[in-house]
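Happy to go through this one with you. Let's take some of the labels in turn and ask what stands behind each.

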Amino acid sequence: MSEDVIVVKNLLKKFSDIVAVQNINFDVKKSEVFAFLGPNGAGKSTTIKILITLLQPTSGDGTIDNLSVIDNPSGVRKIIGYVPQMISVDGTLTAYENLMLMAKLYDIPGSDRENRIDEVLSFIDLSKQKNLLVRTFSGGMIRKLEIAQAILHRPAVLFLDEPTSGLDPIARKNIWKHLLEIRKIYGTTIFFSTHYMDEAEEVSDRVAIMHLGKISAIGTVEELKAKTKKAKATLEDAFIYFTGSSLQETGNFRDIRRTREVERKLG
Amino acid sequence: MEYIRQIIYKSYVMAEMEVRKLLHDPTELVTRAVQPILWLGVFGEALSKVRAIPTGNVSYLQFITPGILTQSVTFIAIFYGIAIIWERDMGLLQKLLVTPTPRLALVLGKMISAGIRGLSQAVIIYIFAIILQIKLNISVVSVTGVFLIIMLGAGFFTGLSMIIASLVKTRERFMGIGQVITLPLFFASNAIYPIAIMPTWLQIVAKVNPLSYMVDGLRALIVTGNYSMLPHDIVILVIATSLIALVSTYMYPKVVI
């Protein structure tokens, strides 16, 4: 068993003529909190889609806990959890039903399901809302429920796509409190993408910055800051240094529309 | 073996959640009943006075009842394509695809869900037919047969709509295409007039249209009682639905790309 839980080797993805991901290599260690940054269109979400088995790479491979995403996608699916950026719980079902759906799809044995559901509900402070329809929930509660759904089967790696996008600062802090606790209790590796530099700086052990389909920098926040050779550099400075732009300058119509839609629904 | 068990069990789980949704908010079933009631109560009543369409020894209202039931079921099933796009936009679909659930089970789950909604329409149409005093055969055999044909027909059109969704990828385009497909399929079938009165080219379309076999089977079961063509109708629907389930299983995960 290697210490690296995610290993990406020479990963290449082309969409007809466009190369979205150009032969990238990186590793993520067990129980690490790993931030995956980059401007929109940098190839971030393509890379994540390949790692969670939604997309086949053109060449190269990725492994999760030594299981290949190409040769053994069904094995990989059993040991990962995924929280999409958009709202992925069903508002017309109760919190309990949303969790039961996942418990059954993840083959948690019948004798264990009720206990697991109660356990995750109390863990994220939603026990009282167990039988309420999810459409009555606030944005923070929805995100917490989604995280609960993704950890029911105790995955080795939890993938989160902008987990705090659209949330207010208090809800953001609360989400991270829970995520770090999950890591502490279960040793879960947390792989997340975000647009909030302060957040990435605060919570992550290591950071990768993706730019134009390549990994332009990888390391601890301190290492990346040091490379900018600027006194009192922030992660934002490092980001600009490695990508040549700040995040505010990037993004297209579709991304912005989607982000605003999520914000509106969560808010 | 384990794979087959997974497919059956997880199709059931997906359908179970759909039923739970319906139980939380059953108003949808009532609003969906408006259209078939209008077709029967207004269109059917009016045309039965004209006596322009040769329907053999059954009344025109008897003749179109299975056609209206079929239309109602296919409209529900076609809606599942939009639901898939909607679930993709919400991220729900991605989350389901990332679970260790066979792709085929997700398709079958949707097919069964559409079938269950379709069955609720059958109940409403039976009740309305009784109110309008349309004479229908109601027996264990006929109700079981109706159940089977609705599940198969709903399955076929759900599969078809999921394939369309994976090609068009947006709600707006789907709505355009959905209209273009459902209405011609309805009119190019034996739902509201017999195939015999159609021009030859339309007869050919009607013969390859799975909707015709659905109507034919339902008509035998609930109106004429002549079961001679019933096995033929059911075999065609089983083959068509199985084929479309396989194509759909291959196609619809592409909607997330």
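**Labels and their grounds**

In this predicted model, A:D161 has A:S193 of β8(A) as its bridge partner.

Q: What makes β7 (residues 157–161) of chain A a pairing partner of β8(A)?
A: Strands pair if at least two bridges are found between them. Five bridges join β7(A) to β8(A), and the two run parallel, so the definition is met.

Q: How do you know that strand β3 (residues 33–37) of chain A pairs with β8(A) as well?
A: The test is again at least two bridges, and β3(A) and β8(A) have four, in the parallel sense. Within β8(A), A:F192 stands opposite A:A35.

Q: Why is β8 (residues 189–193) of chain A called mostly covered?
A: A residue is buried if 20 or more other C-beta atoms lie within 10 Å of its own. Five of the five residues of β8(A) are buried. On one side these are A:T189, A:F191 and A:S193, and on the other A:I190 and A:F192, so both faces are covered.

Q: How do you know that the length of helix α11 (residues 230–251) of chain B agrees with what is expected?
A: At 1.5 Å a residue, its 22 residues should span 32 Å. The end C-alpha atoms are 31 Å apart, which agrees.

Q: What makes the buried residues of α11(B) line one face of the helix?
A: They are B:D233, B:L237, B:A240, B:T241, B:I244, B:A245 and B:S248. Seen down the helix axis, they fall within an arc of 140°, so they line one face. As a rule, an α-helix has 3.6 residues a turn, so residues three or four places apart point the same way. The cover over the buried residues of α11(B) includes α6, α7 (140–168) and α10 (210–224) of chain B. On the face turned away from that buried side sit the exposed residues B:P231, B:H232, B:V235, B:I239 and B:L243.

Q: Where is the kink in α3(B) centred?
A: The kink, of about 35°, is centred on B:G44. B:G44 is also among the buried residues of α3(B), with B:P36, B:W39 and B:L40. These buried residues pack against α4 (60–90) and α6 (103–131) of chain B.

Q: What is in contact between chains A and B, and how many residues take part?
A: In chain A, 24 residues are in contact with 20 residues of chain B. The largest share of the chain A side, four residues, comes from α3(A). By class, that side has 13 nonpolar, five polar and six charged residues.

Note on methods:
Residues numbered from 1 in each chain as written. Chains lettered and ligands numbered in written order. Predicted model: local features only at pLDDT ≥ 70, side-chain atom pairs only at ≥ 80, totals over all residues. Contact = placed C-beta atoms within 7 Å. Nonpolar A, V, L, I, M, F, W, Y, C, P; charged D, E, K, R; others polar. Bend = angle between axes of the 7 residues up to and from the residue. Buried ≥ 20, exposed ≤ 12 C-beta atoms within 10 Å, placed from the backbone. Expected span 1.5 Å × (residues − 1). Arc of directions from axis to C-beta.
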